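Here is a short tour of one protein model, meant to be read with the structure open beside you. Rotate it as you go.

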Amino acid sequence: MTVEIGQTVVERFLRYVKYDTQSTENSATYPSTEKQKELGKQLVYELKELSLQDASIDGYGYVTATLPANIQRTTPTVGFIAHMDTSPEVSGRDVKPQIHENYSGSDIILPGDSAQILRPSENPELVKKIGNGIMTADGTTLLGADDKAGVAEIVDAVRYLTTHPEIEHGIIKVAFTPDEEVGKGVEHFDVRKFGVQYAYTMDGETLGEVENETFSADSVQLTFRGVPFHPGYALSRLVNSIKVASAFVEKLPKDRDSPETTEKMVGYVHPYVIQGGVESTLVKFIIRDFEDEGLRKREETLKAIAEETVRSFPKSDFTIETEESYRNMRHVLDKYPEVVEKAMVAVRMANLQPKLHSIRGGTDGARLCYMGLPTPNLATGGHNFHSKLEWISIQDMKKATEIIVNLVKLWSKVPERTI
Ligand SMILES: [Zn+2]
């Protein structure tokens with residue numbers, strides 16, 4: 001019996017989403033939740049079943065495996081990476097996947113909570129999926145297509161390759177990572193040991209999109225200090241840092257440079273924590289821009305606003321601390337144009353229109369790029385990530401799998417170290 005591309009992708013996906021792999025912020029352990037390893041162990045079992053001999057999970061929860069080359073000539077070793085965890089924002093426990101066969105184009109009311117309605121009017125991509133099988137959760141949890149769709153697509157692609165020895169390929173490696181959703185997916189990932197020259201994360205949304213660009217991101221902490229004094233005798237002596245910080249926040253741009261007022265290629269500054277008392281008040285920011293220079297300017301602007309603020313509160317002052325989060329991966333990927341070009345060709349081979357896309361966020365790939373591994377991000381077909389209205393089309397999952405197989409075919413034709 002011939003094995004088709006995507007033949008096992010749905011059954012695998014439905015199996016993986018049953019594992020609660022929610023990661024969490026502020027955990028002292030790695031991975032942040034032990035339960036993520038349960039899916040990791042299942043994946044090791046499945047990869048061994050596909051005869052990937054070195055399939056293993058390490059103490060951090062990283063699952064890796066190798067599909068040996070079936071050709072003599074040397075070609076670049078290529079990796080495919082997806083993350084096992086789901087977002088801390090919405091529960092991923094007891095996911096009850098629903099398959100809406102032969103989608104008619106109407107609203108989909110999710111059976112577990114009738115307030116959760118997937119409307120084509122609010123989901124332009126859904127309108128294009130009439131006739132497809134649409135998978136959702138039941139409205140009480142997320143689905144977990146982010147990123148178990150990516151995991152299932154990679155495993156199915158590997159299965160397809162193992163059952164089609166006539167398809168020539170070099171060494172292919174796969175990796176499944178924990179804790180991506182809490183920004184730590186590759187924190188302990190050993191790039192050298194993984195041993196690939198180029199990689200692709202399967203963690204994007206709309207099919208055909210090749211994500212070659214992320215924000216550059218920093219976190220900034222401003223601490224305002226006042227002068228505490230007994231309130232009964234505080235005349236001309238007390239300086240309340242809460243008021244200093246409030247005045248500072250009030251001066252922040254409102255109609256621009258904010259997440260709620262920007263889109264596309266425009267960055268922002270975003271205060272997300274404020275805490276303190278009379279003596280000192282901390283304001284935490286995330287800062288985003290596609291250009292590093294823009295990021296630096298935004299930080300300078302924050303500093304200038306803080307300076308202006310403390311001038312009107314004599315004896316108050318502030319400190320500012322900046323920490324790098326990640327940098328735009330395009331700066332690395334531009335040095336290896338063939339990595340993105342191959343992805344565009346692989347999409348075209350699947351009869352889809354490829355499109356470069358910039359992510360208003362980061363990916364594990366952005367960090368991997370700066371760890372020495374050029375890694376653009378490809379679409380899984382999933383939509384409405386981190387939401388109870390998460391959905392994915394079965395046909396799109398199969399296409400995403402086909403794109404992985406196409407990439408393997410394309411790289412098998414490249415002699416090593418030509419780019
Ligand atoms: Zn993801």
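The notes below cover the metal site, a set of paired strands and the pockets.

## The zinc site

Keep in mind that this is a predicted model. The zinc ion takes its protein donors from His83 (NE2), Asp146 (OD) and Asp203, the last of which is listed with OD twice. These donors lie 1.9 to 2.7 Å from the zinc ion. Along the sequence, the donor residues follow the spacing H-x62-D-x56-D. Distant parts of the chain are linked here: His83 belongs to strand E3 (residues 78-83), while Asp146 sits in helix H4 (residues 145-162), 63 residues apart. Both His83 and Asp146 are buried.

What is the arrangement of the donor atoms? It is irregular, because the 4 donor atoms around the zinc ion subtend angles of 52 to 145 degrees. A tetrahedral label would need all angles to lie between 85 and 135 degrees.

## Strand E2 and its partners

Strand E2 (residues 63-67) is mostly covered, with 4 of its 5 residues buried. It pairs with strand E1 (residues 56-57) through 2 bridges, and the two run antiparallel. The hairpin of E1 and E2 has 5 residues between the strands, and Gly61 in this hairpin takes a positive phi near 100 degrees.

E2 also pairs with strand E8 (residues 172-177), again in the antiparallel sense, over 5 bridges. Thr64 is a handy residue to select: Ser56 stands opposite Thr64, and in E8 the bridge partner of Thr64 is Ala175.

## The largest pocket

The largest pocket has a volume of about 1,700 Å³. Its lining counts 47 residues, and Glu181, Gly183, Arg288, Tyr326 and Gly362 lie nearest the centre. Which element gives the largest share of this lining? That is E14, with 6 residues. Other elements that each supply at least two residues include strand E9 (198-204), strand E13 (280-289) and helix H10 (364-370). By class, the lining of the largest pocket holds 11 nonpolar, 16 polar and 20 charged residues.

## The second largest pocket

The second largest pocket has a volume of about 280 Å³. It is lined by 15 residues, and those closest to its centre are Asp58, Thr64, Asp190, Lys193 and Phe194. Two or more lining residues come from each of E1, E2 and helix H5 (191-194), and E2 gives the largest share, 3 residues. The classes in this lining are 6 nonpolar, 4 polar and 5 charged residues.

Definitions and conventions: Residues numbered from 1 in each chain as written. Predicted model: local features only at pLDDT ≥ 70, side-chain atom pairs only at ≥ 80, totals over all residues. Heavy atoms only, no water. Donors = N, O, S within 2.8 Å, 3.2 Å for Na, K, Ca; no water. Tetrahedral: all angles 85-135°; square planar, octahedral: opposite > 155°, others 65-115°. Buried < 20%, exposed > 50% of the residue type's maximum accessible area, 1.4 Å probe, protein only. Pairing = 2+ DSSP bridges. 1 Å grid on protein atoms, 1.4 Å probe; cavity = no way out; pocket = protein on both sides within 12 Å on 5 of 7 lines; lining within 4 Å. Points joined across faces, edges and corners; volume = space filled by probe spheres on them. Nonpolar A, V, L, I, M, F, W, Y, C, P; charged D, E, K, R; others polar.
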